[in-house]
Amino acid sequence: MNQLSLLLENRVLIASVTGWLVAQVLKTIIHTFITKDFNIERMYGSGGMPSSHSATVCALSTSALMIYGIGSFEFAISIILAVIVMHDAMGVRRETGIQAKVLNELIEVFAA
């Protein structure tokens, strides 16, 4: 039981999980508002905006900064991780957009 209570008292972990949860809930609400269709998969699925990956690492870095300070190794590790995750997410979104354009062009060519 002591290990569980230590885990639940970890403010950096709680902030990170909260960041992920808020992004997933917002993603579900936005999807429901735009499509007028509630899809529970939006709560646990990946993709869409806001990015739950980016929200999680931003919450991780922000909480590490606030708790340990700007000179700490905890903040250094978390900010490097956040930069990598967000840079990769931008690249994936860009490549997905390019692929979608090509697929739409192919559909137009073959459907005609």
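Which helix gives the most to the nonpolar patch? The legends below take up this point and others in a predicted model.

**View 1. The whole chain is helical in its elements, with five helices and zero strands.** From the N terminus on, the order reads α-α-α-α-α. The chain has 112 residues, and 21% of them count as buried. Its radius of gyration is 19 Å, whereas a compact globule of 112 residues would have one near 13 Å. Along the principal axes, the C-alpha atoms fill a box of roughly 65 × 30 × 25 Å.

**View 2. A nonpolar patch of about 1,000 Å² lies on the surface.** α2 gives the most to this patch, with seven residues. Both α1 (2–8) and α2 (11–35) supply at least two residues each. The members are M1, L4, L7, L8, L13, I14, V17, W20, L21, V25 and I29.

**View 3. L21 is one of the residues that make the nonpolar patch.** L21 sits in helix α2. Is L21 buried or exposed, or something in between? Its relative accessibility is 42%, so L21 counts as partly exposed. Buried would require under 20% and exposed over 50%.

**View 4. K36 lies over the face of F33.** The distance from the ring centre is 4.9 Å. K36 belongs to the loop between α2 and α3 (41–44). What is unusual to look for in the backbone here? K36 has a positive phi of about 60°, although K36 is not a glycine. K36 is exposed, because its relative accessible area is 67% and the cut-off for exposed is over 50%. As for ring-to-ring contacts, the structure holds zero aromatic pairs.

**View 5. D37 is placed in the loop between α2 and α3.** The loop between α2 and α3 also holds K36. D37 has a relative accessible area of 44%, so D37 is partly exposed. How far apart are D37 and R11 in space, C-alpha to C-alpha? They are 35 Å apart, with their positions 26 residues apart in sequence numbering.

Note on methods
Residues are numbered from 1 along each chain as its sequence is written. This is a predicted model: local features need pLDDT of at least 70, side-chain atom pairs count only at pLDDT 80 or more; totals for chains, interfaces and linings use all residues. Side-chain values use heavy atoms; hydrogens and water are left out. Rings of Phe, Tyr and Trp (its six-membered ring) pair if their centres lie within 6.5 Å; planes under 30 degrees apart count as stacked, over 60 as edge-to-face and the rest as tilted. A charge sits over a ring if NZ of Lys or CZ of Arg is within 6 Å of the ring centre and within 35 degrees of the ring normal. Patches are made of residues with over 30% relative accessible area and no salt bridge: like charges are joined within 9 Å, nonpolar side chains (Val, Leu, Ile, Met, Phe, Trp, Tyr) within 5 Å. Accessible areas come from the Shrake-Rupley method with a 1.4 Å probe; for residues, only the protein chains shown count as cover. A salt bridge is a side-chain nitrogen of Lys or Arg within 4 Å of a carboxyl oxygen of Asp or Glu. Helices (H or I, at least four residues) and strands (E, at least two) are DSSP runs, numbered from the N terminus. Buried means under 20% relative accessible area, exposed over 50%, partly exposed in between (1.4 Å probe, protein chains only). The radius of gyration is taken over C-alpha atoms; the globule rule is 2.2 Å times the number of residues to the power 0.38.
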